[in-house]
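Here are some notes for a colleague who is opening this structure for the first time. Please keep the sequence and the model in view while reading.

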Amino acid sequence: MNIATNEQDMQGIQRALNSPTGRNLSQAQRPDALAIVDIVHREIHRVGKFTDKLGDYANALARSEKFDAMKANVIVRELYKERYGETMKVTLDNLKAREKSLNPEQKALALSHAKDVGAAIEHGDKMPFFRALDNQSVMLAEALRITQSGAKRQMAETFTQSTGKDFYEHNKVLEKEFYTPQIEAEREQRTASRQHESKQTLKQSQ
């Protein structure tokens with residue numbers, strides 16, 4: 001998810017900075033507070049949660065400033081609303097609602113991305129399951145405008161419904177079959193190279 005890459009994003013940033021909350025922040029506080037706003041926004045889209053991340057970063061902001069954690073929490077929430085035009089809860093509720101209302105065509109897209117995970121492990125260059133899953137879930141989440149965790153859930157569910165196989169177990173088997181041998185071969189190559197270098201160094205020292 002790109003942040004501040006188009007006119008709408010820039011307008012959101014200006015709204016936040018020009019709001020009463022934004023105007024009351026110092027020049028040093030503004031970029032830190034806006035960075036936290038975007039971190040929370042990404043967290044909502046990534047895992048479908050925000051309270052823990054908000055609390056952690058609000059506490060960190062408060063420790064370096066002349067206000068308490070509660071005020072820092074409120075500042076971030078208010079800047080978020082100005083920045084994105086809605087509260088954090090509304091952002092999250094909208095993402096969840098879209099996932100619940102997915103149509104058959106969108107479900108089919110989830111299945112396609114699920115199958116692409118296995119294809120990436122099998123044909124990719126040292127591609128482990130977690131990376132293949134992350135890549136596909138990011139693309140699917142953006143396409144369906146749902147959370148990344150929701151995209152993973154949809155891939156797993158549609159894959160199992162279509163194939164009768166557990167999505168995670170299936171791809172772990174592929175990882176062991178295709179990814180692990182590549183890593184072991186690479187490790188053996190590094191070991192052989194180090195041994196060769198050691199022998200060359202020993203010869204030169206004699």
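In which helix is Pro20 found? Pro20 is in helix α2, which covers residues 20–23; the points below start with the basis of the values and come back to this residue.

1. Basis. The model is predicted, and local features need pLDDT of at least 70, side-chain atom pairs count only at pLDDT 80 or more, while totals for chains, interfaces and linings use all residues. Residues are numbered from 1 along each chain as its sequence is written, and side-chain values use heavy atoms, with hydrogens and water left out.

2. Elements. The protein has 10 helices and 0 strands, where helices (H or I, at least four residues) and strands (E, at least two) are DSSP runs numbered from the N terminus. Read from the N terminus, the order is α-α-α-α-α-α-α-α-α-α. The protein is more spread out than a compact globule, because its radius of gyration is 23 Å, well over the 17 Å that the globule rule gives for 206 residues. That radius is taken over C-alpha atoms, and the rule is 2.2 Å times the number of residues to the power 0.38. The C-alpha trace spans about 70 × 60 × 30 Å along its principal axes.

3. Surface and contacts. Of the 206 residues, 36% count as buried; buried means under 20% relative accessible area, exposed over 50%, and partly exposed in between (1.4 Å probe, protein chains only). Among contacts (heavy atoms within 4.5 Å) with a separation of 6 or more, 62% are made by residues 24 or more positions apart.

4. Pro20. This residue counts as exposed, because its relative accessibility is 52%. Its C-alpha atom is separated by 20 Å from that of Gln8, and the two residues are 12 apart along the chain.

5. Phe50. The loop between α3 (29–47) and α4 (51–63) holds Phe50. Is this residue buried or exposed? Phe50 counts as buried, since its relative accessibility is 10%. Leaving out residues up to four places away in sequence, Phe50 touches Val40, Ile44, Arg77, Met88, Lys89 and Leu92. The C-alpha atoms of Phe50 and Thr91 are separated by 10 Å, with their positions 41 residues apart along the chain taken as the distance apart.

6. Glu175. Helix α10 (residues 167–205) contains Glu175. Glu175 counts as buried because its relative accessibility is 14%. Which backbone nitrogen does the side chain of Glu175 reach? The side chain reaches that of Phe129 at 2.9 Å. A polar contact is a pair of N or O atoms within 3.5 Å; within protein, one must be able to donate a hydrogen and the other to accept it, and residues adjacent in sequence count only if both atoms are side-chain atoms. Phe129 is also among the residues that Glu175 touches, together with Ile121, Pro128, Phe130 and Thr180, not counting residues up to four places away in sequence.

7. Positive phi angles. Lys126 is not a glycine, yet its phi is positive, at about 50 degrees. Lys126 lies in the loop between α7 (104–123) and α8 (129–144) and counts as partly exposed, at 25% relative accessibility. Arg145, also not a glycine, has a positive phi of about 60 degrees. Arg145 sits in the loop between α8 and α9 (148–163) and is exposed, with a relative accessible area of 52%.
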